[in-house]
Amino acid sequence: MSEQLSFILDQLSALPGLRSRAMFGGHGLYSGTAIFGMVIDGQTYLKVGDSNRPDFEARGSKPFMYAHKSGKAIAMSYWEVPDEVLDDRDELLSWARASLRVAGEKTKAPKATKAPKAPKATKAPKTTKAK
């Protein structure tokens, strides 16, 4: 486990069910089953959506980028956490909780529902002819 990951897990220890899991050459940060952040190459990233993006933008943060096999740079919805936030446990917890809410919004998106099936046609009972 890297020093950065150990530090982040310590800073966020107040989150319920906090754990990390190796992924993509780094580690995902989870609270319960929700992934809300990651630590890759010594940098910490948190999940960003419309509700918390302004906080990241105001601090000059940028999204995590990776090179697609086509060579195109792809931005993910995880943004770098500024150093001053990482060093302030209370502020980092606040940012992590906001990221958890964003992660929850993504997992609670309404599922497409199928149109109800039409009732099966029933055959009329056979009538017998009187002889």
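Over how many bridges do strand 2 and strand 3 pair in the antiparallel sense? The count is five bridges. The views below come from a predicted model.

**View 1. Strand 2 and strand 3 pair in the antiparallel sense.** Five bridges join these two strands. His27 marks one position in this pairing: its bridge partner in strand 3 is Val39.

**View 2. Strand 1 and strand 2 form a hairpin.** Strand 1 covers residues 18-23, and strand 2 covers residues 26-31. Their pairing is antiparallel and runs over six bridges. Arg21 has Gly28 of strand 2 as its bridge partner. Two residues lie between the strands. Phe24 takes a positive phi near 50° in this hairpin.

**View 3. Six strands make up an open sheet.** The strand order is 1-2-3-4-6-5, with antiparallel pairing. Strand 1 and strand 5 (63-67) are the edge strands. Each of these two pairs on one side only. From one strand to the next, the twist averages 40°.

**View 4. Asp41 sits in the loop between strand 3 and strand 4.** Strand 3 spans 34-40, and strand 4 spans 43-47. Is Asp41 buried or exposed? Asp41 counts as exposed because its relative accessibility is 72%, and the cut-off for exposed is over 50%. Gly26 is 15 residues from Asp41 along the chain. The C-alpha atoms of Asp41 and Gly26 are separated by 6.8 Å.

**View 5. The largest nonpolar core has 20 residues.** Leu12, Phe36 and Leu92 have the most contacts inside this core. Helix 1 (3-11), strand 3, helix 3 (83-86) and helix 4 (89-107) each give two or more residues to it. Helix 4 supplies the largest share, five residues.

**View 6. Leu92 and its contacts.** Leaving out residues up to four places away in sequence, Leu92 touches Ile8, Gln11, Leu12 and Leu46. Leu92 also touches Val81, Val85 and Leu86. Apart from the largest core lies another core, of five residues. Met38, Tyr45, Phe64 and Tyr78 are among its members.

**View 7. Confidence along the chain.** The average pLDDT of the chain is 86. A score of at least 70 is reached by 80% of the residues. Where does pLDDT stay under 50? This happens over residues 108-113. For that stretch the model has zero contacts beyond four places in sequence.

Key. Residues are numbered from 1 along each chain as its sequence is written. This is a predicted model: local features need pLDDT of at least 70, side-chain atom pairs count only at pLDDT 80 or more; totals for chains, interfaces and linings use all residues. Side-chain values use heavy atoms; hydrogens and water are left out. pLDDT is the predictor's confidence in each residue, from 0 to 100. Contact means heavy atoms within 4.5 Å. Helices (H or I, at least four residues) and strands (E, at least two) are DSSP runs, numbered from the N terminus. Buried means under 20% relative accessible area, exposed over 50%, partly exposed in between (1.4 Å probe, protein chains only). Two strands pair if DSSP finds at least two bridges between them. A nonpolar core is a set of buried Ala, Val, Leu, Ile, Met, Phe, Trp, Tyr and Cys residues joined through side-chain atoms within 4.5 Å. Axes are lines fitted to C-alpha atoms, for helices over the stretch in contact, and angles run from 0 to 180 degrees between N-to-C directions.
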